[in-house]
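Welcome, and thanks for taking a look at this structure. Below is a short briefing to read alongside the sequence and the 3D view.

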Amino acid sequence: MEHKVATTTEGQSIRCKAAICRKAGEPLSIEEIIVAPPMPGEARIRIICSSLCQTDISFRNMQDHPAIYPRILGHEAIGVVESVGEDVTEVTKGDVVVPIFLPDCGECIDCKSSKSNLCSKFPFEVSPWMPRYATSRFTDLKGEIIHHFLSVSSFSEYTVVDIAHLIKIDPAIPPNRHASSAVVYQQG
Ligand SMILES: [Zn+2]
Ligand SMILES: [Zn+2]
């Protein structure tokens with residue numbers, strides 16, 4: 001049964017901790033950040049666990065484009081939906097989800113085809129923004145924008161992910177198995 005509390009974070013900004021990559025090659029900085037509510041087509045996720053991948057390290061060390069700073073890295077994780085944007089029906093509050101860096105809109109010719117898994121509505125790119133709006137949902141406590149990474153940015157207690165980058169999974173599977181299934185899904 002869902003635990004009801006008097007106050008809700010839905011529709012509100014959330015203040016939480018994140019590991020921010022502020023400069024190429026430097027250690028990640030653990031700071032408090034503000035995570036804005038999800039826009040239509042997005043969900044805000046409470047990250048349960050996140051793995052560290054060589055790609056995160058490569059981007060931590062990268063000097064030039066597509067590197068950008070400050071940024072929240074992390075792209076292999078599992079989380080629980082905290083709230084969803086307007087008109088989102090694909091996932092709902094409390095769903096266990098795996099964010100994926102390769103989008104699947106489920107509507108375009110390539111997502112519907114059995115011969116392709118590369119979405120043409122949201123082509124893969126190492127963008128610093130949310131895919132539908134080209135804006136960020138993260139700011140630091142001074143109001144500076146913090147950039148997204150691979151549409152996931154899981155090195156944060158909360159992140160916002162487009163629903164085209166989310167897979168709902170069976171909550172009965174232990175979280176440590178989910179993380180590896182995310183890797184298999186993305187590489188396999
Ligand atoms: Zn990876
Ligand atoms: Zn698609």
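Ala 134 makes a good starting point: with a relative accessible area of 48%, this residue is partly exposed. Please keep in mind that everything here describes a predicted model. The tour moves from backbone details to the sheet, then to the zinc sites and the salt bridges.

**Backbone details**

- Ala 134 sits in the loop between α2 and β6, and its phi is near 55°, a positive value in a residue other than glycine.
- Ser 151 also has a positive phi, about 60°, although it is not a glycine.
- You can find Ser 151 in the loop between β7 (145–146) and β8, where it counts as buried at 10% relative accessibility.
- A cis peptide bond leads from His 65 to Pro 66, with omega near 10°, and Pro 66 belongs to the loop between α1 and β4.
- Another cis peptide bond runs from Tyr 69 to Pro 70, with omega near -5°; Pro 70 is placed in the loop between α1 and β4.

**An annotated region**

- An unreviewed UniProt entry carries the annotation "domain: Alcohol dehydrogenase-like N-terminal", which covers residues 40–170.
- Over residues 40–170, helix makes up 9% of the chain and strand 27%, while the C-alpha atoms at the two ends are 24 Å apart.

**The five-stranded sheet**

- Five strands build an open sheet with antiparallel pairing, in the order β8-β3-β4-β5-β9.
- The edges are taken by β8 and β9, each with a single partner strand, so one side of each has no neighbour in the sheet.
- On average, neighbouring strands of this sheet are turned by 45° against each other, direction ignored.
- As general background, strands of a sheet pair through backbone hydrogen bonds, either parallel or antiparallel.
- Five bridges connect β3 and β8 in the antiparallel sense; on this seam, Glu 42 has Asp 162 in β8 as its bridge partner.
- Eight bridges connect β3 and β4, again antiparallel, and Ile 45 is partnered by Val 81 in β4.
- Two bridges join the antiparallel strands β4 and β5, where the partner of Gly 79 is Val 97 in β5.

**Two zinc sites**

- Which residues hold the zinc ion (ligand 1)? Cys 53 (SG), His 75 (NE2) and Glu 76 (OE) coordinate this ion, at 2.1 to 2.3 Å.
- Along the sequence, the donor residues of ligand 1 are spaced C-x21-H-E.
- Cys 53 and His 75 link distant parts of the chain, 22 residues apart: Cys 53 is in the loop between β3 (42–51) and α1 (54–61), and His 75 is in the loop between α1 and β4.
- Both Cys 53 and His 75 are buried.
- The zinc ion (ligand 2) is coordinated at 2.3 Å by Cys 105 (SG), Cys 108 (SG), Cys 111 (SG) and Cys 119 (SG).
- The site of ligand 2 is tetrahedral, with angles of 102 to 117° among the four donor atoms.
- The donors of ligand 2 follow the spacing C-x2-C-x2-C-x7-C along the chain, and among them Cys 105 and Cys 111 are buried.

**Salt bridges**

- Side chains of opposite charge can pair when their charged atoms come close.
- How many salt bridges does the model contain? The count comes to 10.
- Asp 162, met above in the sheet, forms a salt bridge with Arg 132, the closest N and O atoms being 2.6 Å apart.
- Asp 162 lies in strand β8 (residues 158–162) and Arg 132 in the loop between α2 (109–112) and β6 (138–140), so this bridge ties together parts that are 30 residues apart in sequence.
- Asp 162 is buried, at a relative accessible area of 0%, whereas Arg 132 is partly exposed at 32%.
- Salt bridges with shared partners join Arg 22, Glu 31, Asp 140 and Glu 144 into one network.
- Within that network, the side chains of Arg 22 and Glu 31 meet at 2.7 Å, N to O; Arg 22 counts as partly exposed, at 29% relative accessibility.
- Lys 168 and Asp 95 meet in a salt bridge of 3.6 Å, N to O.
- This pair links distant parts of the chain, 73 residues apart: Lys 168 is in strand β9 (residues 166–168), and Asp 95 is in the loop between β4 (76–84) and β5 (96–99).
- Lys 168 is exposed, with a relative accessible area of 51%, while Asp 95 counts as buried at 12%.

Technical notes: Residues numbered from 1 in each chain as written. Chains lettered and ligands numbered in written order. Predicted model: local features only at pLDDT ≥ 70, side-chain atom pairs only at ≥ 80, totals over all residues. Heavy atoms only, no water. Salt bridge = Lys/Arg side-chain N within 4 Å of Asp/Glu carboxyl O. Buried < 20%, exposed > 50% of the residue type's maximum accessible area, 1.4 Å probe, protein only. Helix = DSSP H or I, 4+ residues; strand = E, 2+ residues; numbered from the N terminus. Donors = N, O, S within 2.8 Å, 3.2 Å for Na, K, Ca; no water. Tetrahedral: all angles 85-135°; square planar, octahedral: opposite > 155°, others 65-115°. UniProt positions renumbered as here; feature names shortened; annotations may be inferred. Pairing = 2+ DSSP bridges. Axes fitted to C-alpha atoms, helices over the stretch in contact; angles between N-to-C directions.
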